[in-house]
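Please read the following account with the model in view. It proceeds from a single side chain to the fold, the interior, the charged pairs and the open space.

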Amino acid sequence: MTASTHTEIYRKLQSAPQPARLNALPLWKARVRVALKRKLPLLLLFVPPWISAIVFSFVVYTKFTLEQGLGSPVGSGAAGMMVSAVATQILQVQDQIVLFAKVSFAFALLCVNWFGAGLICEDRRAGAHLLYFSRPLTRFDYFLAHFLTAFTFGAFVTILPVMLICTVAVFSSPDYVFLIEKWSVIAGALGYAVINVCVMSMIVLAISALASRKTYALGGVFAVVVGSEVLGKMLSVVQRDRDWSMIGVMMNLHRLADWLTSANQSRFDWNPWFSVAIVSGIALTCAWVVLRRLRKLEVVA
């Protein structure tokens, strides 16, 4: 029996190096895949916002097509009347988009709360965080995966329906006039939808990190959001100053909706930058709470 020695210990890599993979993506995909297996919550939480979006889209389509076709003026002043009619329709469509953007707050609250309330607290209760942090997974990766999970389900009921309504408005308007004249409304509505989902996701994750069970987290989110609204309205009535409504999370998001979409009629008097500061402060505070709690979990792991 003869022995042979291989001198080619190191060989040049023939294939191209693969880019580094974001460690949060596998956990995010797994979370979304598990949540999608439960059909009843998807049916109850996804159907109402999409039905509302379809109804709003039909109303927008009607404003630009049926009214224009039935009320087409004929005569010497036809051009001027047509321009006035189109301008009126654009304003009405803008009001519909602003209204749905505000209504979407409730959809985001319910959906993000249900799918995101148990993400961190159930991991801690089951000890799953011991496995996650034993792998090459940092606190930021863990936080990002859970944030993307909550954001994904919020986007399904908020961002995508707003995109549907804006798309119908663009293609229903004559010569795409809505896109040309009101592109800022479309950008503002989409921007508000993103802000809405981000803020709700941060609030839900912060309370989930503090709670011990999903049930407690669900109740805590409603207590914080609804409680702030009730407190703000009570103080505004007692102090006879509507600016106290800024205490409520929903009021600040609605103020941002009016500002970003250039609403024709706004019932808020305070400077929108106050709401920007308040919403940003809420998001940063929630991020600090989550990361601080995850730091303790990582130490235990």
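Is L179 buried or partly exposed? In this predicted model, L179 has a relative accessible area of 40% and is therefore partly exposed, since burial would require a value under 20%. L179 belongs to helix 9, which comprises residues 177-181. Apart from residues within four places in sequence, L179 is in contact with V170 and I186. The C-alpha atoms of L179 and A169 are 8.2 Å apart, with their positions 10 residues apart along the chain.

The surrounding fold may now be considered. The chain contains 13 helices and 0 strands. Of its 301 residues, 44% count as buried. Long-range contacts may be described as follows: among contacts between residues at least 6 apart in sequence, 79% join residues at least 24 apart.

The interior comes next. The largest nonpolar core has 78 residues, and those with the most contacts inside it are F46, I97, F115, F153, F178 and L253. Helix 10, residues 183-210, gives the most to this core, with 15 residues. F178 shows what such a position touches: leaving out neighbours within four places in sequence, its contacts include F64, I90, V93, I97, V170, W183 and I186. The contacts of F178 also include Q94 and S173.

Two adjacent residues of helix 10 merit closer inspection. N196 lies in helix 10 and is buried, with a relative accessible area of 0%. Beyond four places in sequence, N196 is in contact with S104, F105, A108, T158 and L253. I195 also lies in helix 10, but I195 has 30% relative accessibility and so counts as partly exposed. Not counting residues up to four places away, I195 touches L253, L256, L260 and V279. L253 is thus a contact of I195 and of N196. The C-alpha atoms of I195 and A257 are separated by 9.7 Å, although the two residues are 62 apart along the chain.

Charged pairs form the next topic. Side chains of opposite charge can pair when their charged atoms come close. The structure holds 3 salt bridges. In one of them, D123 pairs with R31, and the closest N and O atoms are 2.3 Å apart. Because D123 lies in helix 5 (residues 119-126) and R31 in helix 1 (residues 24-36), this pair ties together parts that are 92 residues apart in sequence. D123 and R31 are both buried.

A salt bridge also joins the side chains of K102 and D258, with an N to O distance of 2.8 Å. This pair links distant parts of the chain, for K102 is in helix 4 (residues 78-116) and D258 in helix 12 (residues 249-260), 156 residues apart. D258 has a relative accessible area of 3% and is therefore buried.

The side chains of R125 and E122 likewise meet in a salt bridge, at 3.5 Å from N to O. R125 and E122 are 3 residues apart in helix 5, so about one helical turn separates them. E122 has 27% relative accessibility and therefore counts as partly exposed.

Helix 11 offers a view of a single element along its length. Helix 11, residues 214-239, has 26 residues and reaches 37 Å from its first C-alpha to its last, close to the 38 Å expected at 1.5 Å a residue. Which residues of helix 11 are buried? They are A217, L218, G220, V221, V225, S228, E229, G232 and S236. Just after helix 11, R240 takes a positive phi of about 55°.

Finally, there is the question of empty space. Rolling a probe the size of a water molecule over the atoms shows where such space is left. The largest pocket has a volume of about 330 Å³. This pocket is lined by 14 residues, of which V34, A35, F115, L119 and K214 are the closest to its centre. Helix 1, helix 4, helix 5 and helix 7 (139-157) each supply at least two residues of the lining. F115 appears in two parts of this account: among the residues with the most contacts inside the largest nonpolar core, and among the lining residues closest to the centre of the largest pocket.

Conventions:
Residues numbered from 1 in each chain as written. Predicted model: local features only at pLDDT ≥ 70, side-chain atom pairs only at ≥ 80, totals over all residues. Heavy atoms only, no water. Core = buried A, V, L, I, M, F, W, Y, C linked by side-chain atoms within 4.5 Å. Buried < 20%, exposed > 50% of the residue type's maximum accessible area, 1.4 Å probe, protein only. Helix = DSSP H or I, 4+ residues; strand = E, 2+ residues; numbered from the N terminus. Contact = heavy atoms within 4.5 Å. Salt bridge = Lys/Arg side-chain N within 4 Å of Asp/Glu carboxyl O. Expected span 1.5 Å × (residues − 1). 1 Å grid on protein atoms, 1.4 Å probe; cavity = no way out; pocket = protein on both sides within 12 Å on 5 of 7 lines; lining within 4 Å. Points joined across faces, edges and corners; volume = space filled by probe spheres on them.
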